[in-house]
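Student: Could you take me through the surroundings of the ligand in this one? I'd like a close look at that part, and then at whatever helices turn out to matter for the picture.

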Amino acid sequence: MRVVLLGPPGAGKGTQAAVMRERYRVPHISTGDMLREAIAAGTSLGSQAKALVDAGQFVPDDVMAGLVKQRLEQPDAEDGFVLDGYPRNEAQGETLDGLLAAMGLPLDHVVMLDLDDAEIVRRLSGRRTCGTCGAPYHVSSAPPRQDGRCDRCAPPAGTLLQRPDDREDVVTERLRVYRERTAPLADFYRRRGLLRTVDASGAVGEVERRILAALAGSPAPASRGRAAGGRP
Ligand code: AP5
């Protein structure tokens, strides 16, 4: 199972990728998480990325390409993965095609999570993330049992944090950048016969069921049996 999850900020890509990781026993590869880990660790990548991420801007394509290549070459990705946050523009889509073609690992599906702006803003303004294990929460729709504390990581429970890029002005900018640069990837993958669009409104379980139905009902992708980078 090799899947890319696309969709606007806050559509639930990370949440659904975590569900799919358990269901399919494949790694969840999140470029946003990788960048946030580098920022927290103070690596040179983190220093380069911090101002861009905090402002809702993209980290340069060549930096992201190196990061994703290194991650996809790890043994745990050989049997599949759920890729969340990459690609984010057509150039990254081409890069991913090339990487996967060279590795002989064509994509099976690209799932686009579709959600309206009002719900995006509601989800992002209430989002909290465990500072220790990264588990996602929402203050009203997925609250922790104990206020401000993670239920999922081993004691002592991690503290729940708000991402700097979930401030309202940055969310507005992330949505603008998404529309301008990432949304065109829908056509990019539609042309390859891989795109499945899923309504991302409603409860997490409902969205999960829609994704499963979309994957089960998918016709054989056009690019199967040939290089992932193949043009229609
Ligand atoms: P990234 O971390 O990828 O951010 P994003 O794409 O904006 O997506 P989010 O993580 O905000 O949202 P999500 O769709 O995963 O939703 P979630 O499941 O958390 O990237 C961050 C930054 O890194 C970028 O802006 C950029 O600067 C940089 N970057 C990353 N990749 C890059 C790349 N390839 N190239 C260049 N730069 C890159 O859910 C959101 C909230 O809603 C949570 O609270 C959750 O609990 C809740 N929720 C989820 N589903 C539901 C539901 N069904 N009902 C109710 N609540 C729900």
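Tutor: Let's fix one term before counting anything: a residue is near the ligand if one of its heavy atoms lies within 4 Å of it. Keep in mind, too, that this is a predicted model. With that cut-off, 35 residues surround the ligand, and the closest are Thr15, Gln57, Arg127, Tyr137 and Arg174. Sorted by class, the shell has 14 nonpolar, 12 polar and 9 charged residues.

Now for some backbone contacts. Gly12 has a backbone N or O atom 3.0 Å from an oxygen atom of the ligand, and for Gly14 a backbone N or O atom sits 2.8 Å from a ligand oxygen atom. Gly85 does this with a nitrogen atom of the ligand instead: a backbone N or O atom of Gly85 lies 2.9 Å from it. As for cover, the ligand on its own has 1,000 Å² of accessible area, and the protein covers 96% of that. Which elements give two or more residues to the shell? They are α1 (13-24), α2, α6 (117-126), β6 (136-138) and α9 (204-216). The largest share comes from α2, with 4 residues.

Helix α2 (31-41) also leads us to α3, since the buried residues of α3 pack against α2 and α4 (61-72). Those buried residues of α3 (residues 44-54) are Leu45, Gly46, Ala49 and Val53. They span an arc of only 80° around the axis, which is why they end up on the same side of α3. Turn to the other side of α3 and you find Ser44, Ser47 and Ala51 exposed. Just after this helix, Gly56 takes a positive phi of about 80°. Gln57, you'll recall, is among the residues closest to the ligand.

Back to α6, one of the elements that give two or more residues to the shell. At the start of α6, a side-chain oxygen of Asp116 reaches to within 3.2 Å of the backbone nitrogen of Ala118. Further along, the buried residues of α6 are Ile120, Arg123, Leu124 and Gly126. Their cover includes β5 (127-130), β6 and α7 (168-182). Of these, β6 is also on the list of elements that give two or more residues to the ligand shell.

Conventions: Residues are numbered from 1 along each chain as its sequence is written. This is a predicted model: local features need pLDDT of at least 70, side-chain atom pairs count only at pLDDT 80 or more; totals for chains, interfaces and linings use all residues. Side-chain values use heavy atoms; hydrogens and water are left out. Buried means under 20% relative accessible area, exposed over 50%, partly exposed in between (1.4 Å probe, protein chains only). The arc is that of the directions from the helix axis to the C-beta atoms. Contact means heavy atoms within 4.5 Å. A polar contact is a pair of N or O atoms within 3.5 Å; within protein, one must be able to donate a hydrogen and the other to accept it, and residues adjacent in sequence count only if both atoms are side-chain atoms. Accessible areas come from the Shrake-Rupley method with a 1.4 Å probe; for residues, only the protein chains shown count as cover. Ala, Val, Leu, Ile, Met, Phe, Trp, Tyr, Cys and Pro count as nonpolar, Asp, Glu, Lys and Arg as charged, and the others, Gly among them, as polar.
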